[in-house]
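Please open the structure in your viewer and keep the selection tool at hand. The tour below goes from stop to stop, saying at each one what to select and what is there.

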There are 2 protein chains.
Amino acid sequence: MDRLTIIKVGGKVVEEPESLNALLDQFQRISGNKLLVHGGGRTATVIAEKLGIETQMVDGRRITDAKTLEVVTMVYGGLVNKRIVAGLQARGINAVGLTGADFNLIKAHKRPIKDIDYGFVGDVDDVNVSELRLLINENVVPVVAPLTHDAKGQLLNTNADTIASELATELANYFKVYLFFCFEKKGVLLNPDDDSSVIYDLNLQQFNEYKAEGIISAGMIPKLENSFRAKMKGVQEILITNPENIITGRGTRII
Amino acid sequence: MDRLTIIKVGGKVVEEPESLNALLDQFQRISGNKLLVHGGGRTATVIAEKLGIETQMVDGRRITDAKTLEVVTMVYGGLVNKRIVAGLQARGINAVGLTGADFNLIKAHKRPIKDIDYGFVGDVDDVNVSELRLLINENVVPVVAPLTHDAKGQLLNTNADTIASELATELANYFKVYLFFCFEKKGVLLNPDDDSSVIYDLNLQQFNEYKAEGIISAGMIPKLENSFRAKMKGVQEILITNPENIITGRGTRII
């Protein structure tokens with residue numbers, strides 16, 4: 001099977017011109033098939049504020065009412081996505097920007113209301129990679145925004161980490177998938193105040209112990225749970241690191 | 001050669017849920033290969049206003065400063081484009097939303113400053129349809145937003161009529177192209193106040209006469225000039241009409 005590198009980048013990295021350029025330079029150096037999944041939450045919050053729309057977060061997740069859905073559709077699907085695509089084309093990489101609605105790539109359903117009404121947030125049902133495979137085999141690089149649809153005309157907001165692990169899991173049927181979750185830190189830290197306390201190898205048992213002891217921060221838990229699930233479903237390698245270490249391969253490896 | 005129908009729709013039609021749904025129902029009825037090019041100017045103006053960005057138009061063209069470019073990237077590339085894609089997927093049409101940056105589809109250069117500085121407005125240099133052809137042959141329906149790029153990382157704002165005729169002209173090398181410009185009227189009118197005064201067949205000589213006599217409105221002239229150019233470059237049929245007449249084929253035919 002051919003190799004496919006999937007990079008998920010969130011946070012400031014994709015939202016400031018300088019760090020975005022540095023990321024795209026790193027991304028350009030990756031050989032072989034590749035795919036980028038991005039966020040854009042900070043910009044969405046800024047644009048929402050300018051439009052007089054209040055941002056509400058619960059456990060780091062955005063409550064997505066109809067107005068907020070318009071904002072994330074504009075920011076993730078338009079502004080952030082197309083800037084990345086134009087930046088990659090400038091580097092000679094034939095990128096195409098997509099959401100989960102394009103090619104019916106990711107079908108989801110609106111999250112049922114339990115304790116919290118998340119609004120237009122989508123939980124993934126199906127991933128359909130037929131056109132994606134065709135394009136990857138033509139050396140096209142997909143750039144995926146964290147939006148899905150319900151196949152009845154409704155766009156939905158879906159967490160970018162989830163998008164990346166769902167795509168990685170499905171594409172692992174056709175490629176040897178290397179999945180990198182990039183963020184500001186060098187990896188998962190034993191001590192959040194000490195950047196040198198990176199856990200280099202992490203297995204499920206250790207993760208459960210660290211989680212029970214409260215060593216791993218709340219924000220990391222869904223990312224890691226997604227990672228272990230993807231690893232068990234056949235993703236070749238999963239690394240949690242910063243953009244600078246995409247090439248060196250240093251960071252927290254899920255084993 | 002296979003048939004390919006290209007529909008360009010601008011104005012209110014794509015920007016209000018009811019008329020958009022009616023348009024997508026009509027679009028669904030078109031048999032064979034198809035492609036949609038859309039505008040979104042009214043929404044861009046509304047969002048710009050809410051963001052405190054002043055809209056300046058010269059002869060119906062938007063002056064696109066850096067802030068306005070952000071707005072059109074969000075609105076054309078994100079909001080309007082992805083709503084159309086989700087609406088088509090709901091109708092079982094496998095749509096993909098694109099800008100001119102995706103697949104390096106349309107390369108342009110920033111319009112040189114003469115009398116007027118249009119800002120980040122792109123004049124088209126190259127159209128590259130290789131991935132588009134691949135996808136059309138897989139029954140994918142491209143939905144194209146009026147944005148281009150300069151291949152150096154800069155997105156640019158380009159008139160949707162121009163995008164439609166450039167794509168039609170290039171795709172005419174591979175398909176029998178039927179190009180429909182859809183707007184509110186039933187066609188080009190002899191008398192702008194009389195909706196029944198549609199000119200059904202229009203050749204270049206008549207167009208030049210009507211233009212000289214001031215019968216054809218200023219706003220129609222670039223659309224018609226684009227049409228005659230496309231017709232001369234091998235587009236099979238060009239019709240100017242409203243969405244209701246896509247199927248009947250009534251309207252102003254360029255001959």
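What follows is a walk through a predicted model, beginning with a strand of chain A and ending where chains A and B meet.

**Stop one: strand E1 and its partners**

Begin by selecting residues 3-9 of chain A, which make up strand E1. Six of its seven residues are buried, so this strand is largely enclosed by the rest of the structure. Now add residues 176-182 of chain A, which form strand E11 and run parallel to E1(A), joined to it by seven bridges. To see one matched position in this pairing, pick Leu4(A), which stands opposite Val177(A) of E11(A).

Strand E2 of chain A, residues 33-38, is another parallel partner, and six bridges join it to E1(A). Here Ile6(A) is a useful residue to select, since its bridge partner in E2(A) is Leu35(A). If you also display helix H1, residues 17-29 of chain A, you will have the three pieces of a right-handed β-α-β unit, made by E1(A), H1 and E2(A).

**Stop two: Leu167(A)**

Keep Ile6(A) and Leu35(A) on display and select Leu167(A), which touches both of them. Leu167(A) lies in helix H5, residues 160-171 of chain A. Is Leu167(A) buried or exposed? With a relative accessibility of 0%, Leu167(A) counts as buried. Its contacts beyond four places in sequence also include Val37(A), Leu105(A), Ile106(A), Val127(A), Leu132(A) and Val144(A). For a sense of scale, draw a line from the C-alpha of Leu167(A) to that of Ala95(A): the two residues are 72 apart in sequence and 17 Å apart in space.

**Stop three: the annotated binding site**

Which residues does the UniProt annotation "binding site" cover? According to that record, which is an unreviewed entry, they are Gly40(A), Gly41(A), Arg62(A) and Asn157(A). These residues are spread over 118 residues of sequence, yet they cluster in space, with a largest C-alpha distance of 11.8 Å.

Centre the view on Gly40(A), which sits in the loop between strand E2 and helix H2 (41-50) of chain A. Gly40(A) is buried, at 2% relative accessibility, and, apart from residues up to four places away in sequence, it touches Glu15(A), Val75(A), Tyr76(A) and Val80(A).

Move next to Asn157(A), which belongs to strand E10, residues 155-157 of chain A. Asn157(A) is buried as well, at 8% relative accessibility. Beyond its neighbours within four places in sequence, Asn157(A) is in contact with ten residues' worth of listed partners, among them Arg62(A), Tyr76(A), Phe120(A) and Pro146(A). Select Thr64(A) too, for its side chain is joined to that of Asn157(A) by a polar contact of 3.0 Å.

**Stop four: Asn94(A), with contacts in both chains**

Go now to Asn94(A), in the loop between helix H3 (66-90) and strand E5 (95-98) of chain A. Because its relative accessible area is 18%, and buried means under 20%, Asn94(A) counts as buried. Its side chain makes a polar contact of 3.1 Å with the side chain of Gln89(A). Show chain B as well, and you will find that Asn94(A) touches Phe103(B), Asn104(B) and Glu131(B), in addition to residues of chain A that include Asn139(A), Val140(A) and Val141(A).

**Stop five: two asparagines with positive phi**

Among these neighbours of Asn94(A), select Asn139(A), which has a positive phi of about 65 degrees although it is not a glycine. Most residues other than glycine have a negative phi. Asn139(A) lies in the loop between helix H4 (130-136) and strand E8 (141-144) of chain A, and it is exposed, with a relative accessible area of 60%.

Then select Asn104(A), another non-glycine residue with a positive phi, here about 55 degrees. Its place is in the loop between E5 and strand E6 (106-110) of chain A, and at a relative accessible area of 24% Asn104(A) is partly exposed.

**Stop six: where the two chains meet**

For the last view, colour chains A and B separately and look along the contact between them. There, 38 residues of chain B are in contact with 38 residues of chain A. The two chains bury about 3000 Å² between them, and 69% of that area is on carbon and sulfur atoms. In chain B, select Met74(B), Lys82(B) and Phe103(B), which lose the most area to chain A and together account for 19% of what that side buries.

Key:
Residues numbered from 1 in each chain as written. Chains lettered and ligands numbered in written order. Predicted model: local features only at pLDDT ≥ 70, side-chain atom pairs only at ≥ 80, totals over all residues. Heavy atoms only, no water. Helix = DSSP H or I, 4+ residues; strand = E, 2+ residues; numbered from the N terminus. Buried < 20%, exposed > 50% of the residue type's maximum accessible area, 1.4 Å probe, protein only. Polar contact = N/O pair within 3.5 Å; in protein donor to acceptor, adjacent residues only side chain to side chain. Contact = heavy atoms within 4.5 Å. UniProt positions renumbered as here; feature names shortened; annotations may be inferred. Pairing = 2+ DSSP bridges. Right-handed = clockwise from strand over helix to strand, strands pointing away. Buried area = accessible area lost by both parts, 1.4 Å probe.
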